[in-house]
Every structure is written in structure tokens, then in C-alpha cells.
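User: I am new to this structure and would like to understand the labels people attach to it. Could you walk me through the reasoning behind a few of them?

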Amino acid sequence: MGRRLVVWVEGKQDRRFFDAVAKPRLSMIYDNLLIKEYREQQRHSINSTLRSMSHQGFDRLFVADLNAVPCITGRKNKLKEHFPELQDAEIIVVSREIESWYLAGLTTEAASTLKVKCPASTDQFTKEDCDRIRPSRFDAQLDFLVELLQNFDLETACGRNKSFAYFYRKFLT
């Protein structure tokens, strides 16, 4: 049967990131890899699926933005209130929002080429910050995020974002 993993992500931006950055590495470890979005689903349905997939032998990762919660532990506790099937070790908290991970992987050279002023740390970066630094030639944030993925460097991302570095060390190496 092989190793199986389901990665729960909030929405489309998270899925795009995981498909591009995490899936190629996770596919080397897992024989069966699913990425599921949870934003549009009801809690009871998610809990039922979490329980069912666990019984089917799936490992689970649940990815959530830190957002405005003051600490990772607080965010994990809030998620476990909503999804009691989850264990701490299965929850990955993105500091602050997924856009911070997109930008974290932008090398100095690529930032110069794209004419993007990239902070040394993206730990506090939000979607609004991403929109502010988006060069005017990108009509939409999506186009900019796709460009960031095309220029994504794992080593750079680990140096710029602590939550990404944690995720990388724990699950992608």
C-alpha cells in the first residue's frame, strides 16, 4: 500500500504553493499524496474526513495561517477546538500568511530582476504587504504569486521565514 499523506490547506493560494514547492519533495516520500482545501467545507465534514483518512492509514498535515493570533500555540489550540481529530504535530502554522512563504523564496537576484523590494524576513508579511510591493506590470496578485513561485529558492526561503524553515526541516528533508 505504501505511505500515504493528506495535506489540508486553507484555499487556492495555499494549494498553488504546496503543489509547486512541497508536492515534488513530498512525492519522493509518500506513494499517495492528496492536497485538500478546507476553507469551503463545514467543520463536521472536515472532522469526519480527518477521522476516516486516519483509519485508512493516511498521515495528515493541516496548514493554517497565523493571521492575527499572537502565537503558534494559540493558533494550534484554536484549530484543535474546531478540529478535535488533529494533533499538535500534524498542524503547520504559516507565519503570518501564505504570501509570506511565496516571497520568502525570492533570491536577491530575482528580486532585482523583478524590481521587488524584498524584506530580510517575511515572518510578519501579509497579503496586503504582498499587494503593496507587487510591481505595476503584474495586473493581479495571482500573476505576481505565480512569478514568485517560478523564482522560488528553498534555501533562501529557509533563511527568510522561520515557519517555512521549520516546515522544510520537519517535512521536506
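Analyst: Happy to help; what follows is a short set of questions about this predicted model.

User: Why is Cys130 called buried or exposed?

Analyst: Cys130 has a relative accessible area of 0%. Buried means under 20%, so Cys130 counts as buried.

User: And what makes Cys71 partly exposed?

Analyst: Its relative accessible area is 37%. Partly exposed lies between the 20% limit for buried and the 50% limit for exposed, so Cys71 takes that label.

User: How do you know whether Cys130 forms a disulfide?

Analyst: A disulfide is a covalent bond between the sulfur atoms of two cysteines. The closest cysteine sulfur to that of Cys130 belongs to Cys118, 9.9 Å away. A disulfide needs the two sulfur atoms within 2.5 Å, so this pair is too far apart for a bond. By this rule the model has zero disulfides.

User: What makes strands E1 and E2 a pair?

Analyst: Pairing takes at least two bridges, and six join E1 (residues 4–9) to E2 (residues 32–37), so the two strands pair. They run parallel, and Val7 stands opposite Ile35 in E2. Together with helix H1 (residues 12–29), E1 and E2 make a right-handed β-α-β unit.

User: Which residues and elements line the largest pocket?

Analyst: The lining has 15 residues, with Ile72, Val93, Ser95, Lys162 and Ser163 nearest the centre. Helix H3 (72–82), strand E4 (91–94) and helix H9 (162–172) each supply at least two lining residues. By type, the lining divides into eight nonpolar, three polar and four charged residues, and the pocket's volume is about 180 Å³.

Methods:
Residues numbered from 1 in each chain as written. Predicted model: local features only at pLDDT ≥ 70, side-chain atom pairs only at ≥ 80, totals over all residues. Heavy atoms only, no water. 1 Å grid on protein atoms, 1.4 Å probe; cavity = no way out; pocket = protein on both sides within 12 Å on 5 of 7 lines; lining within 4 Å. Points joined across faces, edges and corners; volume = space filled by probe spheres on them. Helix = DSSP H or I, 4+ residues; strand = E, 2+ residues; numbered from the N terminus. Nonpolar A, V, L, I, M, F, W, Y, C, P; charged D, E, K, R; others polar. Right-handed = clockwise from strand over helix to strand, strands pointing away. Buried < 20%, exposed > 50% of the residue type's maximum accessible area, 1.4 Å probe, protein only.
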